[in-house]
Structures are given as structure tokens and as C-alpha cells.
Amino acid sequence: MKREAPAWLAEFQARFSDVIRAPLDRTSGTLAAQPSSYDPHVVRDAQAAVTVTGTDRLAVYNRQYWFRLFDVLQHAFPLTSRLVGYWQFNDYASRFFLASPPRGWDLDRVADGFEAFFEEKLEWENADERQALIESARIDDAWREVFRAPKIKPFRPSAADAARLLDARLMPSPAVRVIEEHFPLLELRKKALRDSGEARVIIPPALPQSRAWAIVRKDEGILQLQLEPREAELLTLLLAFSVRDALARLEQACTEEERALLPTKTQAWLARSVERDFWIGLDG
């Protein structure tokens with residue numbers, strides 16, 4: 001039978017959690033614990049040795065708690081952390097974890113929600129560089145979600161499926177993300193992962209034209225597949241609309257010249273998306 005923890009234990013855990021979650025001081029240029037902020041009741045309970053004070057013992061837990069969280073978030077967002085610089089990135093991480101403290105058993109889940117938090121809180125003077133940092137966080141988060149997605153059975157349409165395909169909505173695979181980049185960030189992400197250094201990476205200039213990609217997890221690993229611009233637009237429309245409606249909206253967005261080739265191209269794009277395991281079935 002499930003039993004509730006005794007009141008004294010719940011109270012101690014709450015007090016201890018407050019201590020180890022106390023923000024580290026950044027004013028000296030290093031991350032230092034602030035023992036003066038610790039609950040004196042917890043300090044008293046931790047005082048079990050003559051040569052080491054209770055605050056010193058708790059400071060070890062305090063620092064290691066934060067260092068572990070910083071490390072997890074840096075690995076979850078390897079490109080973003082290098083573009084921002086670890087020192088400043090850890091500041092955003094601290095604010096995120098204070099606003100959304102970890103509450104589950106899976107350490108990898110502590111990064112859930114950071115991408116949206118970072119975009120909302122990002123303070124960066126240069127507008128182009130700010131946009132690059134927002135894109136880098138989205139790319140890192142897309143890789144993370146694709147990597148963590150459950151194993152899927154890819155959709156292979158039957159004759160019955162073909163008969164109702166136009167009026168159904170394709171169900172996307174959780175192991176696929178479509179992204180657009182205006183800076184050469186995917187290439188830079190590869191370099192950052194190979195580089196074990198800690199120096200901040202310079203944000204690159206914008207591309208002459210944006211590029212669209214699909215990030216796909218296959219049995220052989222995670223692949224980056226470049227998409228044609230209209231192909232990426234169609235895939236995005238298919239996430240929200242039936243196949244018929246998505247094709248109609250894409251046609252409206254095309255030029256007269258593009259419309260002449262659209263039937264042949266959309267047929268090829270749809271077939272290719274099925275071959276690449278973009279879908280898991282039909283809905284409706």
C-alpha cells in the first residue's frame with residue numbers, strides 16, 4: 001500500500017530543497033554559494049563535524065545541484081550555449097530553473113520548456129543576432145525532441161487509405177521536425193559538437209536565402225534532409241489541414257509559373273515524405 005511520508009520528513013525535504021536551490025552568487029565572476037541565505041534549521045541539522053561547518057557541508061550540495069543542472073541544459077542546447085557563451089547561458093538557466101524547478105525523476109526532462117523561456121527572456125542588443133539565437137534554441141530543441149521521441153511504425157498507405165487520403169489529415173511522426181534557418185546554424189551545430197572548447201562561438205552572418213530542413217530520426221541515426229521551400233511549406237500545412245485543404249492553400253500561395261509544375265511536384269513531395277517516415281497514419 002502507498003503510504004504518505006511523515007510530516008517531519010516532508011518538512012525537512014522542503015527546507016533542504018530550498019537550501020540547495022538557493023541561487024549561486026555571480027557578482028565575483030565565479031559561481032559561489034551564499035550560505036547566509038540558508039535556513040538555520042537545516043544548517044543546524046547538517047552540523048555533524050567539528051572541522052566542517054554545516055553551511056560548508058550544505059554549500060557542497062548547493063553548488064553541485066546547480067552545476068549538474070547547468071551541465072544538463074548545456075548538453076541539451078549545445079549550439080545555443082556556445083553562441084551565448086556559457087557564463088551568460090548559465091544565467092538564463094538559473095532564471096529558468098528558479099521559475100520552473102525540476103519536479104520529476106527523469107533528469108533529461110528538466111530542459112522541457114527552456115526554448116520558450118529563452119525566447120521570451122532573451123536580452124540581446126543586435127536584432128539580427130537575437131534572431132539567430134532564437135533560431136538556434138529552436139534547432140537545439142528540435143534535435144532534442146526528435147532524439148527523445150518514441151519508436152514509431154511508419155505509415156505505408158493501403159488501397160483503402162488512398163481512397164480517403166485527400167480528405168484525411170496525415171498524422172505526423174514525433175521523430176520528425178521541420179525547421180527553417182536564416183543563418184548557417186545546422187552546420188555550425190555540428191562544429192560546436194565536435195569542439196570540446198568552452199570559448200563563445202561567434203554568431204555567423206545571415207544566409208542570402210533561408211533554408212528549410214527536416215530533422216528525422218531513423219534506425220541509422222538522426223538525419224538532416226534539406227527541403228525545397230514549397231515542399232517545407234506543404235509539410236507545415238499538412239500538420240494543420242487535410243491533404244486537400246493543404247494543397248489548396250499551397251496553390252493559392254504559388255505564382256502562376258509555380259502552379260504549372262505544382263501537381264507533379266506535390267505528388268513527388270508527398271511520396272518522398274512517406275518514404276522518409278514523416279507520418280504514422282491518417283486521422284479522420
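**Exercise 1. Find which residues L188 is in contact with, leaving aside its neighbours within four places in sequence.**

Solution. Contact means heavy atoms within 4.5 Å. With those neighbours left aside, L188 touches L79, L83, V201, I202 and P204. Take one of these partners, I202: it stands 14 residues from L188 along the chain, and the two C-alpha atoms are 10.0 Å apart.

The model is predicted, so local features need pLDDT of at least 70 and side-chain atom pairs count only at pLDDT 80 or more, while totals for chains, interfaces and linings use all residues. Residues are numbered from 1 along each chain as its sequence is written, and side-chain values use heavy atoms, with hydrogens and water left out.

**Exercise 2. Place L188 in its helix and decide whether L188 is buried or exposed.**

Solution. Step one: helices are DSSP runs of H or I with at least four residues, strands are runs of E with at least two, and both are numbered from the N terminus. L188 belongs to helix α9, residues 185-194. Step two: buried means under 20% relative accessible area, exposed over 50%, and partly exposed in between, with a 1.4 Å probe and protein chains only. The relative accessible area of L188 is 16%, so L188 is buried.

**Exercise 3. Classify the ring pair of W66 and F70.**

Solution. Rings of Phe, Tyr and Trp (its six-membered ring) pair if their centres lie within 6.5 Å; planes under 30 degrees apart count as stacked, over 60 as edge-to-face, and the rest as tilted. The whole structure holds nine aromatic pairs. For W66 and F70 the centres are 5.7 Å apart and the planes meet at 40 degrees, so this pair is tilted. Both residues sit in helix α3 (residues 54-76), four residues apart, which means a separation of about one helical turn. W66 and F70 are both buried.

**Exercise 4. Do the same for F96 and F114, and state which parts the pair ties together.**

Solution. The ring centres of F96 and F114 are 5.4 Å apart and their planes stand at 80 degrees, so the pair is edge-to-face. F96 is in helix α5 (residues 86-99) and F114 in helix α6 (residues 114-121), so the pair ties together parts 18 residues apart in sequence. F96 and F114 are both buried. They also belong to one aromatic cluster, with F77, F89, Y92, F97, F117 and F118.

**Exercise 5. State how many helices and strands the chain has, and what share of its residues is buried.**

Solution. The chain has twelve helices and five strands. Of its 284 residues, 40% are buried.
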